[in-house]
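This briefing is intended for a reader who wishes to go through a protein structure topic by topic. Please keep the sequence and the model at hand while reading.

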Amino acid sequence: MQIEVAKRLQQTEEYYFSKKLREIDELNKAGARVINLGIGSPDLPPHPEVIQTLTTEAAKTNVHGYQNYKGSPILRQAIADWYQRYYQATFNPNTEILPLIGSKEGIVHICMTYLQEGDEVLIPNPGYPAYAAAVRLSGATAITYDLSEETDWLPNLKKLSENDLSKVKLMWINYPHMPTGSSANEGFYLELIAFAKANHILICHDNPYSFILTDSPKSIMSIEGAKDVALELNSLSKSSNMAGWRIGMLVGAEARINEVLRFKSNMDSGMFLPAQLAAAKALQLDQTWYQDLNAIYHERRQLVFEIMNLLGCTYKKNQVGLFVWAKIPDNYESGYTLSDEVLDLSRVFITPGGIFGSAGNTYIRISLCASVEVLKEAIARIEQAKQTN
């Protein structure tokens, strides 16, 4: 007996990495030992004090029940203090902060809270595929806005304003930008806030990479007027090496937090309390944690630059975040072609830029979530393949 899936899933394909990981798994079962430089899942552990907090709290007998939908007051206060200390953005921990079971769920929560059939949403091209998927699930229509290297991967808001935006309710942005590693400054955010006010659009800023390879984390929420028109998602996955812990957050005006909570409270019962208390500990770490982490990523990035040089790619050295984004040589049809060739000849997987949208077709992306030893082995394999082919 076949039961047809709902209409909302009929145009929603399996995530590219899900399929690719299965292919890599099959190669590994055949003895290939593929080096995976595709996915941005931190390979380093959280701070020892974070792990100790988890184990200490989990050993208690009274912490295993359902939790408050709005999260622990301790975690909310830690988030507020973290935003004030590093972003110079002020939030009321009781009303303007909502802990999430990973920020990816927040993308869906926001879309399901505000969107329905007939609505339109602006999403970046290239950009994180989860934005388009969440929009589809909500029944709304995604309208892509193209980004390009010529404008440092920032949207042309003046050009966007010339379009009919009457049906647009949300606009997804993401800086530091994934996959390109570009940054946004205060001037851009001021322009974006004015654009949102003029067009009655809610800006949704996805901000998980702001501590990686940068000395000055930025948030749109530090800009005057942002709370009127914006929500921001953030996460401990990258900045605290806690990807598998699934700890994120949503910050914004009280009314919007309450609106999203109306949807979220029908989806879960809050995260495990010891995990929340460990997350609070992670947020309380001083700047030394981020400096030490970035020293590791800086060394790795230099090796990834070597890989890009071997492949004949061009890139900007000032990009930040957890990846290196590079333009492929002209003799390759697309990033998919180059990615498949490297996987076939060197047993190294790198991400084709086209999975992030058509504007990424002539690019590839390499993750920094691999040790120096692994990156050196990848270099050796690619060099050997170049010599023998």
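The points below cover open and enclosed space, helix packing and backbone geometry.

The model is predicted. Its second largest pocket has a volume of about 500 Å³, and the closest residues to the centre of that pocket are Gly40, Lys104, Tyr128, Tyr209 and Lys238. The model also holds 2 cavities of 30 Å³ or more. Three helix pairs are treated thereafter, namely α5 with α6, α3 with α11, and α12 with α14.

**The second largest pocket**

- A total of 23 residues line the second largest pocket.
- Helix α5, which spans residues 103–114, supplies the largest share of this lining, with 3 residues.
- Sorted by class, the lining of the second largest pocket comprises 12 nonpolar, 6 polar and 5 charged residues.

**Cavities**

- Rolling a probe the size of a water molecule over the atoms reveals where empty space remains.
- The largest cavity encloses about 50 Å³.
- Lining the largest cavity are Asn68, Tyr69, Gly71, Pro99, Leu100, Ile101, Lys264, Asp268, Gly270, Met271 and Gln276.
- The lining of the largest cavity is made up of 5 nonpolar, 4 polar and 2 charged residues.
- The volume of the second largest cavity is about 40 Å³.
- The second largest cavity is bordered by Pro176, His177, Met178, Pro179, Gly181, Tyr209, Val320, Gly321, Leu322 and Phe323.
- This second lining contains 7 nonpolar and 3 polar residues, and no charged ones.
- Tyr209 is listed in the lining of the second largest cavity, and Tyr209 is also among the residues closest to the centre of the second largest pocket.

**Helices α5 and α6**

- Two packed helices are described by the angle between their axes and by the distance between those axes.
- The axes of α5 and α6 (residues 129–138) come within 9 Å and cross at roughly 35°.
- The crossing of α5 past α6 is right-handed.
- On the α5 side the contact is formed by Lys104, Ile107, Val108, Cys111 and Met112, and on the α6 side by Ala130, Tyr131, Ala134, Val135, Leu137 and Ser138.
- This contact includes 9 nonpolar residues, 1 polar residue and 1 charged residue.
- Lys104 thus has two roles in this description: Lys104 belongs to the α5 side of the contact, and Lys104 is one of the residues closest to the centre of the second largest pocket.

**Helices α3 and α11**

- Helix α3 (residues 48–58) and helix α11 (residues 273–283) have axes that come within 8 Å and cross at roughly 155°.
- The two helices α3 and α11 are therefore roughly antiparallel, since an angle over 145 degrees counts as such.
- The passage of α3 across α11 is right-handed.
- In α3, the residues Glu49, Val50, Thr53, Leu54, Glu57 and Ala58 meet Pro274, Ala275, Leu277, Ala278, Lys281 and Ala282 of α11.
- The contact of α3 with α11 counts 8 nonpolar residues, 1 polar residue and 3 charged residues.

**Helices α12 and α14**

- Helix α12 (residues 287–310) packs with helix α14 (residues 372–388) at an angle of about 10°, and their axes are 10 Å apart.
- Angles under 35 degrees count as roughly parallel, and α12 and α14 are therefore roughly parallel to each other.
- From α12, the residues Glu299, Arg300, Leu303, Val304, Glu306, Ile307 and Leu310 meet Val372, Leu375, Lys376, Ala378, Ile379, Ile382, Glu383 and Lys386 from α14.
- The α12–α14 contact has 9 nonpolar and 6 charged residues, with no polar residue.

**Backbone geometry**

- Most residues other than glycine have a negative phi, and most peptide bonds are trans.
- The peptide bond joining Asn125 and Pro126 is cis, with omega about 5°.
- Pro126 is situated in the loop between β3 (120–125) and α6.
- A cis peptide bond also runs from Tyr175 to Pro176, with omega near -5°.
- Pro176 lies in the loop between β5 (168–173) and α8 (186–199), and Pro176 is part of the lining of the second largest cavity.
- Arg33 is not a glycine, yet Arg33 has a positive phi of about 50°.
- Arg33 is placed in the loop between α2 (16–29) and β1 (35–36).

Definitions and conventions. Residues are numbered from 1 along each chain as its sequence is written. This is a predicted model: local features need pLDDT of at least 70, side-chain atom pairs count only at pLDDT 80 or more; totals for chains, interfaces and linings use all residues. Side-chain values use heavy atoms; hydrogens and water are left out. On a 1 Å grid over the protein atoms alone, a cavity is a set of points where a 1.4 Å probe fits but cannot get out, and a pocket is an open set with protein on both sides within 12 Å along at least five of seven lines; lining residues have an atom within 4 Å of a point. Grid points are joined across faces, edges and corners, and a volume is the space filled by probe spheres set on the points. Helices (H or I, at least four residues) and strands (E, at least two) are DSSP runs, numbered from the N terminus. Ala, Val, Leu, Ile, Met, Phe, Trp, Tyr, Cys and Pro count as nonpolar, Asp, Glu, Lys and Arg as charged, and the others, Gly among them, as polar. Axes are lines fitted to C-alpha atoms, for helices over the stretch in contact, and angles run from 0 to 180 degrees between N-to-C directions. A crossing is left-handed if the near helix is turned anticlockwise from the far one by less than a right angle, and right-handed if clockwise. Contact means heavy atoms within 4.5 Å. Angles under 35 degrees count as roughly parallel, over 145 as roughly antiparallel, 65 to 115 as roughly perpendicular and the rest as oblique.
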